[in-house]
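Me: I am new to this structure and would like to learn how to read it, one feature at a time. Could we begin with a sheet?

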Amino acid sequence: MTTTSIHRTRLRAGIVGILFTIVLLVISAQAIRLHVFEGAWLSERAAREYERNMVVEGKRGAITDRNGNPLAVSIESPSIAAYPRRIKDRQGTAAQLAQVLGQPADSIDEKLNPKRSFVWIKRQASPKQADQVKALALDGIDFIPEHTRVYPGKTLAAQLVGFSGIDGHGLEGMEFYFDATLKGTQKEITVLEDALGRRFEGAEIPAHLGQGNSVVLTIDRAIQHIAQKALEASVSEFEAASGMAVVMAPATGEVLALAHYPFYNPNRYGQFDRELWRNRAMTDSFEPGSTMKMFSVAAAIDSGTCSPSTIFYCENGEYRIGRNIIHDTKSHGWLSLQQIVKYSSNIGSVKMAQKLGAQQLYAYLSAFGFGQRSGISCPGETSGSLSAFNTWSTIDTGAISFGQGVSVSAIQLITAASAIANGGVLMKPLLVKAIVDRNGQAVAAFSPETVRRVISPQTAATMRQILKSVISEGGTGVNAALKGYTVGGKTGTAQKIDKSGTYAKGKYLASFLGFAPVDQPELAILVVVDEPKKKDYGGIVAAPAFRQIALETLSYLNIPPGPDADRLRVSRGNRANG
């Protein structure tokens, strides 16, 4: 070998050695970087390849009526999941699942993409579906225990109870308001999986988690059914858009029924218009119409401004105030204050309000709870609208006295009427009796709460007698009369306001607000029917529904007729206006 060849060989060996040294240094540097500087990050990333975090929750508490009858309960309902990487026959598995679950095979096949390590196939499947899928013994299919929310009464008190979503969170009504109370104990667990997505032994989901507390409402399932049945009949008969009915115990403020029509079924809430979900008795405000005379007259009597026998000239049905003309549905001359309520004279109410004055009228209406939230345990309560008296004109004062220019909610109206029935004492409306744990032990109890005295006991007694006359022969509420029981109340027919802020032609709210028996009222009842088409007077549209609810509820509560009950036999031909 020549000297030149030896030099070339050594040069090549040196170059190769240098290259190997460089490669070794690079590998060593990379190893140091990965182990020393990025070791924690890599460990976390590796863990993510075989760890899956999942939040599991204990059984949701129930919602019941005052007697413990369930309105919302949770039942065990396994969810069906898949580990796509374990599935060998993707299309065949999708086809079998589709047949059992009633889902499109293409949709399931798309979910089974092997790029995914975990996927839900059917959340909260029915027991029958779960059993059928288990019988197929498919590779890569798993069953994870969850709970399904069920509403046994279907449409019963649906707007009040509300509903929860598939993840167990309350979305509407009491389910939403008491979500934190109702939901069970939550726990985040780590499910360990191998490269094929199989759960390791010892990584099972906990079998028992803390159950949520239950909410006991004040409503009575039987009374709720009575109210819904009567409301549906009234709305249907008069081809109205919708309706509301509220039943309250005046002495305690407990809501015994809160009904809406049209109904919806919270078990299938997604199939109904969102407008039907809303608890309109709490959230919506409206002009009360002539039912407001109940409170403005009480103010006039309690303040000493008038007595039931104080008379006013009612201008034979037409009274001008500046550019405005006030009308009555019938022509009247001189009427006493009691007759103004009985015949529902707007003109008489305006003249009474002029004598009472804006400041005193405002003070009493505010004391009755108008223009402010009651604080009831229910989401979305509106405060209504009662503007400050120093902004009222003469016509404003008169209009507010008979229910125009002021807006109220159904719960405000029934609560205020209950104050008159309760001897002048306003009670806070009560919807929840108690919160109880899984063993039925009370965690919290809610008692009736007095807000304030609004009018004297004497004024309240006088008003009950005046309102009793509304139901007598010739009164606007004659269709609310009960055989064997005395009734006091007031009709209302309010023209609705459209989006432009003006009164909509031909659109009315017909209502009846009253209580029974008169001397010792056990029930206060409000019925509101929205946009009836056949008739629009409260005495015709809403009073019969009041009568049906009152009669059936008094019978259900075993309240006997009084010895002095007004046994007026109502002529069905008498279509009194109100």
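Reply: Keep in mind that this is a predicted model. A sheet is read by following its strands in order, and here 5 strands form an open sheet, arranged β13-β12-β24-β23-β22 with antiparallel pairing. Because β13 (254–261) and β22 (488–497) each have a single partner strand, they stand at the edges, and one side of each is left without a neighbour in the sheet. From one strand to the next, the twist averages 10 degrees.

Me: Over how many bridges do β12 and β24 pair?

Reply: Strand β12 (residues 242–249) and strand β24 (residues 523–530) are joined in the antiparallel sense over 7 bridges, and Met 244 stands opposite Val 528 in β24.

Me: Which helix packs on the sheet?

Reply: Helix α16 (residues 410–421) does, touching β12, β13, β23 (503–516) and β24, and its direction makes about 35 degrees with that of β12.

Me: How should I read helix α11, as mostly covered or mostly open?

Reply: For burial, a residue counts as buried when its relative accessible area is under 20%. Helix α11 (residues 293–302) is mostly covered, with 9 of its 10 residues buried, among them Lys 293, Phe 295 and Ile 301. Just after α11, Gly 304 takes a positive phi of about 85 degrees.

Me: What lines the second largest cavity?

Reply: The model has 2 cavities of 30 Å³ or more, and the second largest holds about 40 Å³ of space. Its lining includes Leu 71, Tyr 151, Lys 154 and Pro 266, and by class the lining has 7 nonpolar, 1 polar and 1 charged residues.

Definitions and conventions:
Residues are numbered from 1 along each chain as its sequence is written. This is a predicted model: local features need pLDDT of at least 70, side-chain atom pairs count only at pLDDT 80 or more; totals for chains, interfaces and linings use all residues. Side-chain values use heavy atoms; hydrogens and water are left out. Two strands pair if DSSP finds at least two bridges between them. Helices (H or I, at least four residues) and strands (E, at least two) are DSSP runs, numbered from the N terminus. Axes are lines fitted to C-alpha atoms, for helices over the stretch in contact, and angles run from 0 to 180 degrees between N-to-C directions. Contact means heavy atoms within 4.5 Å. Buried means under 20% relative accessible area, exposed over 50%, partly exposed in between (1.4 Å probe, protein chains only). On a 1 Å grid over the protein atoms alone, a cavity is a set of points where a 1.4 Å probe fits but cannot get out, and a pocket is an open set with protein on both sides within 12 Å along at least five of seven lines; lining residues have an atom within 4 Å of a point. Grid points are joined across faces, edges and corners, and a volume is the space filled by probe spheres set on the points. Ala, Val, Leu, Ile, Met, Phe, Trp, Tyr, Cys and Pro count as nonpolar, Asp, Glu, Lys and Arg as charged, and the others, Gly among them, as polar.
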